[in-house]
Each structure stands twice: as C-alpha cells, then as structure tokens.
Amino acid sequence: MMNVQNNKFALLLAASAVSMALTGCGGSDGNDGDNGQPGGPAAEVVNVLNLDVTKVTYQDGNPSITVFATNEEDLPVVGLKDLEIKAVAQLLPQGATGAGDSAQWQKTGSEKVFVDHKNGNYTFDVTLEGYNAELTQRYNFIASASTLQDGVTTVPRTELSEDFSGDGYQALYTKDIVSTQTCNTCHAEGEKIYHGYTSVETCASCHTQEWAEDRGKPEVAFTHMVHNVHNSAKGYKADRTTGEFTKDAKKAHALLQDNCKTCHVAPADDSDELSEWGNWSRVPTMETCTSCHVNIDFKAGKGHSQQDDNSNCIACHNASWTEELHTDGFAQKKDFVEQYGMDASLSAVATDNGSDTTLSVTITNAEGVAIDASSLVANIQQLETITNVGPNFPIMGYNPNPAGLKKVAIDFVKTGILDANVKIVDGKFVTVIKDLPYGAGDTDTAFSLVGLALCNDGTDLVACGEGVESTGMKAELAHGTLSGEAPSVRHTDTVEFTACESCHGTEWGIHQGSRHPGFVMTEQLGRVNEAGEMIVGIDGCASCHTPDGTYASGANLGSIEMKLHKTHSQGDYGAIPGMNCSQCHSDFKQEAFAKKGALATDGGYTTPIAATCYSCHSYSGDKFKNHVESQGAKVNADYTVANEAAQLETCFMCHNPSINDHTSVKM
C-alpha cells in the first residue's frame, strides 16, 4: 500500500480536522457506484460530450476511477481515444504547510491509459505518490477535441473536475474560491483560456504551490499567477523571442481596473459550491499579495515589515479591513453615480435658411427629480454633447468628411464654467444648434450623446478646480426629427448593453481620464424601438465613431462597426482569450447593411460588409482584398467609388454568419 503520509503534515492535519469548515457529511450508503447502462445504442453523433465519475475505489492507496461518457441525447459514447486524467490532486487544509498558509492543492498523479468497456464507461487505474486518505481528492479529466476510434466521428473538447473524500465518497471539504461560471462572464464557456484548458479547476489542479516551487518558479503557482494575468503591475509571461511581456495583463487590467469583486463573487445562494470564496480577504499570504504589490520583498523587509512566513499576516490584515481597502473605492463610486441621472431632448424646427435644433439637458437626482442647473455648474467638470445626423449611418464625421460635414461637439460646462452659447432655462441647460444637414429617411433624425463628469470627494459634490477628482456618470441619448415624425433608431439590438456589462461591470468608466468626461456602462442609453419595446444598445457611440472614423480618420478603423471588433480582437486592448461572437452579439442583423455606405479604412474607404470583416481580417492583406472585390466589394478605394458600390456586395450569397459560427457558409 502506498499510503504515504508526509511527517511534515501529520500533526497539522490532525489539528486542522478540528477547525476545518466541513461542508457536508458522507455522500454514500457504502455501496459501489453504478457503472452506467451497458447494452443500449451507442451515440453516432457527439456534438456535446458529457462526463461523469460514477465509481471510485482504492486498492493499496491507488484509485480505480470509472467515468461515464454520454452525448447531448444521453446516449453512451463508445470509442473515445483522447481521454486522460490530467491531474489527481489532494487538498492540504489551511495551515497544513505552515501557520497562516492557505489551503493548497498537491498534485499526486496523472494517467493517460484507460480501459474502454464499450458501453460508455472508461476506467483508469492510477498510481499515486503521496496519497493521504484523510484528504479531499480531485480528479481532473480532459477529453481533447478529436475523433472517436473510427477516425470520423468528431468529439468536442470537454473538461471535468470532481472532488471526493479519500475513500471515494462525497468530499467533506474542498477549495473553490472563484467559479468557472464567473470566469465565463469574460472568457466564453468552453473556449480555451490557456494551454487549451477552459476551467479554473483544471488550472488550480496543475499550478499548485508545491509544483511551482519545485520548478524554481513560485510565480506560476495559481494564486500568484492568476492575479498577474489580470493586473499590469508586472507581466506574467514573456515572449520567448523578444523577452517582452505579453499585453494580456494590460488588457485585463484595463478591463477589471483592480476591482477584486469582479472575480471574487459570493455564491448566488446558500450553497457550498464556493466553500472558500471569501479567502481572498480572509487568508492573506505573501504569495498572493506580491502578485500585485510588486514593490514588496517580505523576507528582505522592503516595503513591509520583515517576515519569513505567513504566520502573522492576519494579525494586521484582518478580513474586513482587507476587503475595505480593496473594494471601498468601487462601492463609493457606484453609490455616487447612482445619486444623479440625466434627461435630454432634441427638437427641431425649419427656418428660412435651414433649421434650429434645440438640445436640452436636465440633471436629476436618484429619484429622477430635476435639479436646478444653476446649483450644479460649479460642480461639473465636463458636460459634453456630441450631435450627429442619421443614427444608422451618421453623415457627419469626427473631422470634416469628404462631404465637408463634421459632428457638432459642445461642452455645455467645462471645469465649472458655462459655455457662452448655452443658457439655463427653467433649470435646464439649453442650446440651439443651427442648420444640421437634415434629409430624407434616416437623415431626418438627429441624435445626441451627452456625457457628464461631476467633481466630488468620493461621496459628495465639491467645487471643481485644479487637483480635484471627478467621476464620469451615466450618459444620456436623445433623438429628434425635423419632420416631427417618429425618429429613426439604430439597429443596435444586435448588441445589448447587458452583454457589455457582463464583462465590464456597471462601474467601468469608458473614456474616463481622456478629454471626454467618460461614462459608466449602464442601461442609460436605452431607447424604444418600433414595437414600443425598450432596447439597450450602443446608439450613442456612433455619434462620434462615425463611418469616417475618429481622430486618425480611417487609420484606426474608428467607425463603430469596426472599432468594437478591432478593440475586442487585436491590439493593446485586444481579445480576452476565449472570446467569441455570442458573448457580445444577440444576433447578426444582416439587413442592416442595406442602410449603410462606405466606411473609412486605413487606406481609403471600403464597402460596409467588407469593412466590417476587415476589422479582424485586415492581416490577410491582398488575399482578403482579392476575395471580397471578386464579390463586388471595394477595399481602400476612393470615397465616391466605395460609396457607389456599397450596395453591390454579394458576400451573403455564400456566407451565412451566425453568432455561434461566423464562418458558416450556405451549402
């Protein structure tokens, strides 16, 4: 029997048995588990692979584990060939490796050899090193994307981690601090994050503290590494050729903005699924803290009092104080933002020489009651309005476009000073915009995005001035028509703001700290569609991210149709590993292209379908250009040429993109 018990842990394990928070009692009646249902028809198609551990037994300290495989119709899957136990790990309880240490996984084995029972059951006999029957055991299975033994039937990648007691029954204790479900708010479910793996349990089972230290790379232990890759205090992984750090941490930091509670989320109910979710504040350790606090050398006494281990951390860093330090700023910001809102309206009338469009902005309190604008001017860092015409295809550029038209940007208030062309009427900020280029159809509608930044001390308004902090608030969007008819509305029900919130959260400030006031990404940009239903979309972004690009014209692919794809797929703030179209899109509304003209790209103008694809596929160069131009598109052409060809593209005669497979074609 190989039941090796390391003397280093013997006494600590015994002591910890008294203090461990056990989350349940044994989950078995002592009978052997069921091996599944042999004899039924086997799956012929495997679009979904489900794995379930049905039996765990031990002989001389080594486990025999049976896993049952089924497809989406619950039919047994026979003939898997790329299935393995990636890791067997046991959980050393809190304090077992040293006073103050957190609970740690210890990898004890793995296995690639199995017996296929030809009925959906697969059995692994694993030899373990250091097995301790008193500890929770985790079995981590990986089925690689492959085929069955027939070489034809495809099998999707699947991961499974299940925890058991040391004798093969229900685990009495486990360590789950962050759920894979929480990770999937940004990393798409089932899509690889790194090394091809998709679950936090897999990452934690391999990247153990012991494994990392044995390699001489303590920074790759999961509790340290996972903070590195979500924070730009230091890079995690260097390019093997250049030695430069990858940009992933920079992207993640820009997204999360050091908000611990983005990832550390309490269970939605009273379940014990995240038994140690509060450990991020309850069990501070040198290994974890130095992943973000990089100017500290504990053992040298640099930046912190000298200490050789974690035994005294909790003496100063108690759970409530640690949580307060890391989260109070975000809670205060959210509370402050919720104190104020805005209402805006646009109304236009024809004049002898053109038109007058009145833009009115009202600041409201948390109950939606209007606040007298005069009382707020000194507290406003910036009240910015950006107005354009034609929500579906704006006709005014960031800079003057080939038609000589430029969006109208007015700072109603800047650093406590009211613009000379803005008046306060009945407690509202009001200005009149002369002669917007109204026309027929979509261009009968003008629309304005309004952004607001208020000066504050974290909780209350203060007068603006040098060195005074400000906070970007909720934005507002207004539509108005010259004809008096119902306004045209953009087709942005293909992307809903709730999708943005699932990753960015409700306190994330877009354009915060730039020359704009910035605003938090909440439902304030809602509007009503033709059916009278509230739609939450990205309408306002198009007021600035026009078909003619933004500050660098087409060089930055600045139109909203391209900017979002570029931002979420490449560049400094490019894609999160494991993103896919369905995380942002609720639909691909192909008919929306019928309302569009040419979009500015990095060498001219491109027809709209091709331009949208170009935002991700520009790396293909001439190959992309030759392909789409053979289908009627124009790439980096003259403005007039591309605009005249905008409705001649035949891409959708073959391509049939969906949010789950944007590469699909019509057969």
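What follows is a tour of selected strands, salt bridges and one residue neighbourhood in a predicted model.

**First stop: strand E7**

Begin by selecting residues 137–143, which make up strand E7; 7 of its 7 residues are buried, so the strand is largely enclosed by the rest of the structure. In a regular strand the side chains alternate between the two faces of the sheet. With the side chains of E7 displayed, you should find Gln 137, Tyr 139, Phe 141 and Ala 143 pointing one way, and Arg 138, Asn 140 and Ile 142 pointing the other way, with all of them buried.

Now add the strands that pair with E7. Strand E3, residues 83–92, pairs with E7 in the antiparallel sense over 7 bridges, and a place to look is Gln 90, whose bridge partner in E7 is Gln 137. Strand E10, residues 158–164, also runs antiparallel to E7 and is joined to it by 7 bridges; here you can centre the view on Phe 141, whose bridge partner in E10 is Leu 160.

**Second stop: a salt bridge between E7 and E10**

Keep E7 and E10 on screen and select Arg 138 together with Asp 163, whose side chains meet in a salt bridge with an N to O distance of 2.7 Å. Asp 163 lies in strand E10 and Arg 138 in strand E7, so the pair ties together parts that are 25 residues apart in sequence. Are these two residues buried or exposed? Both Asp 163 and Arg 138 are buried.

**Third stop: salt bridges elsewhere**

The search of the whole structure finds 11 salt bridges, and two further ones are worth displaying in turn.

Select Glu 323 and Lys 261, which form a salt bridge whose closest N and O atoms are 2.8 Å apart. This pair links distant parts of the chain, 62 residues apart, with Glu 323 in helix H10 (residues 319–337) and Lys 261 in the loop between helix H6 (248–256) and helix H7 (279–282). Glu 323 has 27% relative accessibility and counts as partly exposed, while Lys 261, with a relative accessible area of 39%, is partly exposed.

Then move to Arg 490 and Glu 561, where the closest N and O atoms of the salt bridge are 3.2 Å apart. Arg 490 lies in the loop between strand E21 (476–481) and helix H11 (497–504), and Glu 561 lies in helix H12 (residues 560–567), so the pair ties together parts that are 71 residues apart in sequence. Arg 490 is buried at a relative accessible area of 5%, and Glu 561 is buried at 10%, both values being under the 20% cut-off.

Before leaving the salt bridges, add Asp 176 to the earlier selection, for salt bridges that share partners join Arg 138, Asp 163 and Asp 176 into one network.

**Fourth stop: an open sheet**

Select strands E1, E2, E6 and E5, which form an open sheet in that order with antiparallel pairing. Strand E1 (50–59) and strand E5 (115–116) stand at the edges, each with a single partner strand, so one side of each is left without a neighbour in the sheet. E1 pairs with strand E2 (residues 62–70) in the antiparallel sense over 9 bridges, and Asp 52 has Phe 68 as its bridge partner in E2.

**Last stop: Thr 364**

Finally, select Thr 364, found in strand E12 (residues 355–365), which counts as buried at 6% relative accessibility. Which residues is Thr 364 in contact with, leaving aside its neighbours within four places in sequence? They are Gln 339, Tyr 340, Gly 341, Met 342, Asp 343, Val 369, Ala 370 and Ile 371.

Note on methods: Residues are numbered from 1 along each chain as its sequence is written. This is a predicted model: local features need pLDDT of at least 70, side-chain atom pairs count only at pLDDT 80 or more; totals for chains, interfaces and linings use all residues. Side-chain values use heavy atoms; hydrogens and water are left out. Buried means under 20% relative accessible area, exposed over 50%, partly exposed in between (1.4 Å probe, protein chains only). Helices (H or I, at least four residues) and strands (E, at least two) are DSSP runs, numbered from the N terminus. Two strands pair if DSSP finds at least two bridges between them. A salt bridge is a side-chain nitrogen of Lys or Arg within 4 Å of a carboxyl oxygen of Asp or Glu. Contact means heavy atoms within 4.5 Å.
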